[in-house]
Structures are given as C-alpha cells and as structure tokens.
Amino acid sequence: VDEAAQTLRALATGTVDRRAAVAERLEQVLRDAGQVVLLDAGIDQIVLDFAVKVAGGRPVVLATVKSEPLDVTLHVATREGGRNEVVGRIHAELAAGGKVIVATDNASEGERVAAAIRAQHPDAPVLLITGEDTAEPAVRAFLERPDEEAPKYRAIVYSPAISSGVSITAPGFAAFGLFFGITAPLEALQQIRRYRPATEIHVAI
C-alpha cells in the first residue's frame with residue numbers, strides 16, 4: 001500500500017461511500033495477504049497500529065531510509081490578512097513576468113485564485129486542477145506528463161486533487177500555498193511538495 005498514512009486518513013476522514021464496509025474489506029485483504037508492505041514518507045503511530053492489527057500476530061518490521069534534509073524555506077503568514085499577503089505576492093510575481101504554482105486546500109479557493117489571476121493577468125495561461133476538472137483534456141494531459149505540460153502555463157493552481165503521486169520538476173515557478181484548515185497539516189505538506197524544485201514557498205494558513 002503506497003502512501004499508507006494518506007490512505008488511512010482518507011478512509012477515516014475523506015469522502016468515502018460505505019466507509020465501514022471499505023475499511024473492513026481493506027483489513028480483510030491485508031490479513032489474507034502473504035506479506036504486506038506499507039510505504040509512506042511519514043509513517044506515524046496510526047499506521048503502525050494498523051499494521052499490528054492486520055498482521056494478526058505475524059511479525060511487523062519497521063524499515064527506515066535516511067533521507068537528506070530538504071533545502072526549503074517556508075514563509076508562513078498566519079496573522080489576519082495572511083491570505084491577502086500571499087495572494088499579493090502571487091500577483092506581483094505574475095506582473096513581473098514570472099510563473100506561479102499555487103496549492104490550495106479546497107476547490108472553491110482554487111477557483112477563486114484562478115479567476116483572480118485570469119482577471120488581472122489576461123495574457124497568462126492558467127491551469128486549474130480540482131477534483132471536478134480531472135477529466136478535462138488539459139488537466140488529464142498535465143497529470144500524465146506534468147513536466148511536459150507545465151511550461152505551457154504561467155499559473156498552475158491545484159486543490160487536493162493533487163496531494164501525492166504527481167511530481168513536478170519543470171523549473172521556473174514560484175511556489176505558494178493557501179491552507180485554511182480543510183486539509184490536515186501532513187496533507188498540506190504533501191501538496192506543496194508536489195513542486196520539487198521549490199527552495200522557497202510562501203504559505204497562508
């Protein structure tokens with residue numbers, strides 16, 4: 001199970017039909033498996049407890065890989081007006097001819113930001129990615145080939161429709177995040193780290 005912690009959080013708190021039945025089925029599949037591997041960059045106690053539960057007495061082994069520290073500076077605006085500060089930086093970057101990539105914790109905020117960018121920077125190509133847009137050809141192409149598609153845009157705005165499984169390495173974007181308590185902190189970190197080259201990220205929470 002890749003992204004095991006995220007999978008369990010989604011099962012516990014996400015939008016899941018027949019949550020109890022899905023959880024029971026997942027546990028049964030893992031109990032019946034000859035060997036189970038749970039992968040996550042942020043294994044926590046919840047994942048460990050779940051592993052012990054489905055192991056049913058079988059040994060549980062925790063394997064860790066030492067990773068290099070990330071060279072990323074996070075600028076966090078938490079005071080009142082923090083959103084306006086970060087959004088102002090987004091518009092300033094675009095006005096200076098730059099490119100931006102913006103993570104948001106809900107589709108409505110993403111739509112709001114994308115609309116403001118289109119209004120103030122009509123010549124800047126914008127890609128908006130939400131759970132409702134994933135079937136759109138441009139969005140589908142980006143999700144399949146992010147590094148090929150990213151240079152086509154000056155602004156990429158995305159909701160939790162992208163929180164893992166997508167790595168964007170195309171250079172030249174300034175990174176931003178707008179998070180207002182809808183997603184958990186670890187999910188927010190997953191989102192803003194989709195853009196791998198970022199060395200500075202401005203975030204409003």
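**Entry 1: helix α1**

I started with helix α1, residues 4-13, and looked up which of its residues are buried: A4, A5, Q6, L8, R9 and L11 are. I am working from a predicted model here, so I keep that in mind throughout. Next I asked what covers these buried residues of α1, and the cover includes α2 (19-32), α3 (45-55) and α8 (185-192).

A reminder to myself on reading such a list: an α-helix has 3.6 residues a turn, so residues three or four places apart point the same way.

**Entry 2: α1 against α3**

I picked one of those neighbours, α3, for a closer look. Two packed helices are described by the angle between their axes and the distance between the axes. I found that the axes of α1 and α3 come within 9 Å and cross at roughly 85 degrees. An angle of 65 to 115 degrees counts as roughly perpendicular, and α1 and α3 are therefore roughly perpendicular to each other.

Which residues make this contact? I noted A4, A5 and L8 on the α1 side, and I46, V47 and F50 on the α3 side. Sorted by class, the contact of α1 with α3 has six nonpolar residues, no polar and no charged. I also see that A4, A5 and L8 were on my list of buried residues in α1.

**Entry 3: two backbone angles around α1**

I then checked phi on either side of the helix. E3 sits in the segment before α1, and its phi is near 50 degrees, a positive value in a residue other than glycine. R18 lies in the loop between α1 and α2. R18 is not a glycine either, yet has a positive phi of about 55 degrees. Is R18 buried or exposed? With a relative accessible area of 68%, R18 is exposed, because the cut-off for that word is over 50%.

**Entry 4: the largest pocket**

Rolling a probe the size of a water molecule over the atoms shows where empty space is left. The largest pocket holds about 820 Å³ of space. It is lined by 26 residues, and L38, I43, V61, L62 and A63 are the closest to its centre. I tallied the lining by class as 18 nonpolar, five polar and three charged residues.

**Entry 5: V61**

V61 caught my eye in that list, so I followed it up. Where is V61 placed? I located V61 in the loop between α3 and β1 (73-77). V61 counts as exposed, at 73% relative accessibility. I also looked up V61 with V37: 24 residues separate them in sequence, and their C-alpha atoms are 9.5 Å apart in space.

How values were computed: Residues numbered from 1 in each chain as written. Predicted model: local features only at pLDDT ≥ 70, side-chain atom pairs only at ≥ 80, totals over all residues. Heavy atoms only, no water. Buried < 20%, exposed > 50% of the residue type's maximum accessible area, 1.4 Å probe, protein only. Helix = DSSP H or I, 4+ residues; strand = E, 2+ residues; numbered from the N terminus. Contact = heavy atoms within 4.5 Å. 1 Å grid on protein atoms, 1.4 Å probe; cavity = no way out; pocket = protein on both sides within 12 Å on 5 of 7 lines; lining within 4 Å. Points joined across faces, edges and corners; volume = space filled by probe spheres on them. Nonpolar A, V, L, I, M, F, W, Y, C, P; charged D, E, K, R; others polar. Axes fitted to C-alpha atoms, helices over the stretch in contact; angles between N-to-C directions. Parallel < 35°, antiparallel > 145°, perpendicular 65-115°, else oblique.
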